[in-house]
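Me: Hi! I would like to learn why certain words are used for parts of a structure. Could we go through one together?

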Amino acid sequence: REDFPPTAEAAVSQYACQRRTTTENNNKIFTDAFEVLAERYQSNEMERRCLGLRRAASVLKSLPWAVRSLESTHNLPCLGEHAKAVMDEILEHGLSFEVEKILSDERYQTMKLFTSVFGVGPKTADKWYRRGHRSFSDVLTDRSIHLNQMQQNGFLHYGDISRAVSKAEARALMSVIDEAAHAITPNAILTLTGGFRRGKEFGHDVDFILTTPEQGKEESLLQNIIKRLKKQGILLYCEYQSSTFDMSKLPIQKFKAMDQFAKCFLIMRLESSRVEEGLHNVEGDSKSWRAVRVDLVSPPMDHYAFALLGWSGSTMFDRDLRRFARVERRMILDNHCLYNKTKKEFLAATTEKDIFAHLGLEYIEPWQRNA
Ligand code: ATP
Ligand code: MN
Ligand code: MN
């Protein structure tokens, strides 16, 4: 770990998908500040500025060295005036006054609190804020507010699901779901994805991809797993979205974060006895179970690699993969497929490596995608 950039260092790419970014962040002091500014811009619907700061943070996360002076950053891409001004403040004073001001701002704090509830996005949070609400009890005692099922469950299990999920808990959940899947069909394939696949120690949820080589059976497999978990009494909440995937309507021209495969957003009950290292509880808490957020997506086998790449993240890594494909290769990449606009053809892939190869990119391992 160096304090300054090595002299003959290769240029850092403006694309996150051409950088290797592990979970070790040598510039957290700057990237945490950028994230606060990005969140503020997001809740004010200033998308360009929000993205600008997220890009700046992503570049700093990829550095194997800690920035100690602004001069050392002059070769780095994506660092705009604002980002540099904030870094300058932090280098000089140890903190940014602009960021400190936001952190103590009532609107920022309230938005952060409200959006921490499962099912509550920036729009709902903003609506509640503008009604004068500042706390959960303000919201819950306002009889003119109707909470949907997801939000009701978000509040009901708030304590548990706002607490990070450990790797051991993720493994335990995987074995629970794997047992259910294999009881239904012996050739079910379950893969851990999301942040845990990138090597993170903790996550806000656990993400899985589920498929089967029996083409066309993946959606009923997912439905049967849900039924089984329900019967076992370990499904606390389930939001199911059936597949709207239609190959004949592809490729989709516009960037879409959401994909069209069958999926479900769950709250599951995880028993302490299933977790080797015990539950990730608050100190002194000796509950025998906890609630955990789980996402399960079920693509057909021949789209598995694309879904895996999309669901493994990080969000910035995926975003730049798509941007690289579009801008540098005239191709459209999404969670379903890769399309070459010049040749007017789909490019098939059975592994993530195939997709990187089609794009003419060096392969980046999942644990190097923490952009
Ligand atoms: P964390 O540890 O906080 O869970 P994460 O990287 O796993 O971090 P998630 O929000 O779980 O974050 O998302 C995992 C990946 O799945 C991301 O790449 C995201 O873009 C993708 N994703 C999340 N929700 C959807 C969705 N509804 N449709 C398609 N992709 C999604
Ligand atoms: Mn996740
Ligand atoms: Mn998720």
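**Two metal ions and their neighbours**

Reply: Happily! Asp205 forms a bridge between the manganese ion (ligand 2) and the manganese ion (ligand 3), which lie 3.6 Å apart. This is a predicted model, where local features need pLDDT of at least 70, side-chain atom pairs count only at pLDDT 80 or more, and totals for chains, interfaces and linings use all residues. Residues are numbered from 1 along each chain as its sequence is written, chains are lettered from A and ligands numbered from 1 in the order in which they are written, and side-chain values use heavy atoms, leaving out hydrogens and water.

Me: What makes Asp205 and Asp207 donors of the manganese ion (ligand 2)?

Reply: Their OD atoms coordinate this ion at 2.1 Å. Donors are N, O and S atoms within 2.8 Å of the metal (3.2 Å for Na, K and Ca), so these atoms qualify; water is not among the atoms, so sites may look incomplete.

Me: Which residues coordinate the manganese ion (ligand 3)?

Reply: Asp205, Asp207 and Asp295 do, each through OD, at 2.1 to 2.2 Å. Their spacing in sequence is D-x1-D-x87-D. The pair Asp205 and Asp295 links distant parts of the chain, 90 residues apart: Asp205 is in the loop between β3 (202–203) and β4 (206–211), and Asp295 is in strand β7 (residues 289–298). Strands here are DSSP runs of E with at least two residues, and helices are runs of H or I with at least four, numbered from the N terminus.

Me: Why is Asp205 called buried?

Reply: Buried means under 20% relative accessible area, exposed over 50%, and partly exposed in between (1.4 Å probe, protein chains only). Asp205 has 6% relative accessibility, so the word buried applies.

Me: And why does Asp295 count as buried?

Reply: Because its relative accessibility is 7%, Asp295 counts as buried.

Me: How do you know that His204 makes a polar contact with ligand 1?

Reply: A side-chain N or O atom of His204 is 2.7 Å from an oxygen atom of ligand 1. A polar contact is a pair of N or O atoms within 3.5 Å (within protein, one must be able to donate a hydrogen and the other to accept it, and residues adjacent in sequence count only if both atoms are side-chain atoms), so this pair fits. For Asp207, the distance from a side-chain N or O atom to an oxygen atom of ligand 1 is 3.0 Å.

Me: Is Ala125 buried or exposed, and why?

Reply: Ala125 counts as buried because its relative accessibility is 0%. Ala125 belongs to helix α6 (residues 122–130).
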